[in-house]
Amino acid sequence: REEAGSFVAAEKLMQKFTDKGLGTYFESAMFKLKSVMKDEDKDWVNAIESQILIEPEEALFNKEVPNALEILFESIAEKKQVHLTYLAQDTETPTHRFIEPVGLFHESSLWYILAYCHLRKDYRQFRTDRIKRIQRTEVLFFKQHNSLDSYLKSNIEKAAVKVRILVDKSILKYIRSGLKYYGFISEKDKGTHVEMSFLPRNIEDGFARWYMMFGDYAAIIEPEDLKDRVKALSKKIADTL
């Protein structure tokens, strides 16, 4: 029953952190599991099931596309392209793209697809919550893809700009849990402060907005582009007050 009980937490995660399609399949599997359990064990699992609540910080999927992960899993396994109607950030008009999904990863409270995009003729990352429509196709992959991990590491090495900030030690305990999401690589003790180095994937929005949460306790050493972005965001906020 302890092993079955561990699936209760897994079921809650499946319901909240995957799309409706995969959540339904897992719920069905749990029903089959419970059907062969002894009554006392089933009661034990049911007793804790109603007392566990898990809520994601962000909307991970477009509610109009309830089976996105299911289709992407199929695409990766069967090596068949999918067609996306996708709304990129800072645009109002969706684009139509045929992609070859390499893999999916969960980062900074969001799901991302890394795929070869035939529209851009290169590898791109797509947020699942920005997918407006997804369709299966019978078109096989044109390319042989490496592992997801190798592409992610390569993207960091090629595209990331090094960031260094000087952080007051009094604020460290509040930001430690988020470091890995923003490309943290090292730190140096500087007395009352710590110099931290990062290779973030997204400086303009991801890192800049995260930095502003504790910016009154930290100073940007480099790059200048990050300083300019934080100033611009601060001005935009001030103008709305």
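Two strands are taken to pair if DSSP finds at least two bridges between them. The legends below refer to a predicted model.

**View 1. Strand β6 pairs with strand β8 in the antiparallel sense.** Strand β6 covers residues 163-168, and strand β8 covers residues 193-198. The two strands are joined over 6 bridges. Within this pairing, R164 has S197 of β8 as its bridge partner.

**View 2. Strand β6 also runs antiparallel to strand β9.** Strand β9 spans residues 218-222, and 4 bridges connect β9 to β6. L166 is matched with A219, its bridge partner in β9.

**View 3. The side chains of strand β6 alternate between two faces.** In a regular strand, side chains alternate between the two faces of the sheet. On one face of β6 lie V163, I165 and V167, which are buried. R164, L166 and D168 point to the other face and are not buried.

**View 4. The largest nonpolar core of the protein contains 22 residues.** The members that touch the most other members are I165, V167, F198, F207 and F214. At least two residues of this core come from each of β6, α6 (172-175), β8, α7 (203-211), β9 and α8 (224-240). The largest share, 5 residues, is supplied by α7.

**View 5. I165 of strand β6 is shown with the residues that it touches.** Residues up to four places away in sequence are not counted here. The partners of I165 include V194, E195, M196 and F198. F207, Y211 and F214 are also touched by I165, as are A219, I220 and I221. Apart from the core of View 4 lies another core, of 20 residues. Among the residues of that other core are L22, L72, L84 and C117.

**View 6. A cis peptide bond joins E222 and P223.** The omega angle of this bond is about 0°. P223 is located in the loop between β9 and α8. Most peptide bonds are trans, and most residues other than glycine have a negative phi.

**View 7. K79 has a positive phi although it is not a glycine.** The phi angle of K79 is about 55°. K79 belongs to the loop between α4 (68-78) and β1 (80-86). With a relative accessible area of 43%, K79 is partly exposed.

**View 8. K121 is another residue other than glycine with a positive phi.** Its phi value is near 60°. The loop between β3 (110-117) and β4 (122-127) holds K121. K121 counts as exposed because its relative accessibility is 58%, and the cut-off for exposed is over 50%.

**View 9. The whole protein is shown as context for the close-up views.** The protein has 8 helices and 9 strands, and its C-alpha atoms fill a box of roughly 60 × 50 × 40 Å along the principal axes. Of its 241 residues, 39% count as buried. Among contacts between residues at least 6 apart in sequence, 61% join residues at least 24 apart. The protein exposes about 14700 Å², of which carbon and sulfur atoms supply 52%. There are 38 positive and 38 negative side chains, and the centres of the two sets lie 4 Å apart.

Conventions: Residues numbered from 1 in each chain as written. Predicted model: local features only at pLDDT ≥ 70, side-chain atom pairs only at ≥ 80, totals over all residues. Heavy atoms only, no water. Buried < 20%, exposed > 50% of the residue type's maximum accessible area, 1.4 Å probe, protein only. Core = buried A, V, L, I, M, F, W, Y, C linked by side-chain atoms within 4.5 Å. Contact = heavy atoms within 4.5 Å. Areas by Shrake-Rupley, 256 points an atom, 1.4 Å probe, with all protein chains shown as cover. Lys, Arg positive; Asp, Glu negative; His and termini not counted. Charge placed at Lys NZ, Arg CZ, Asp CG, Glu CD.
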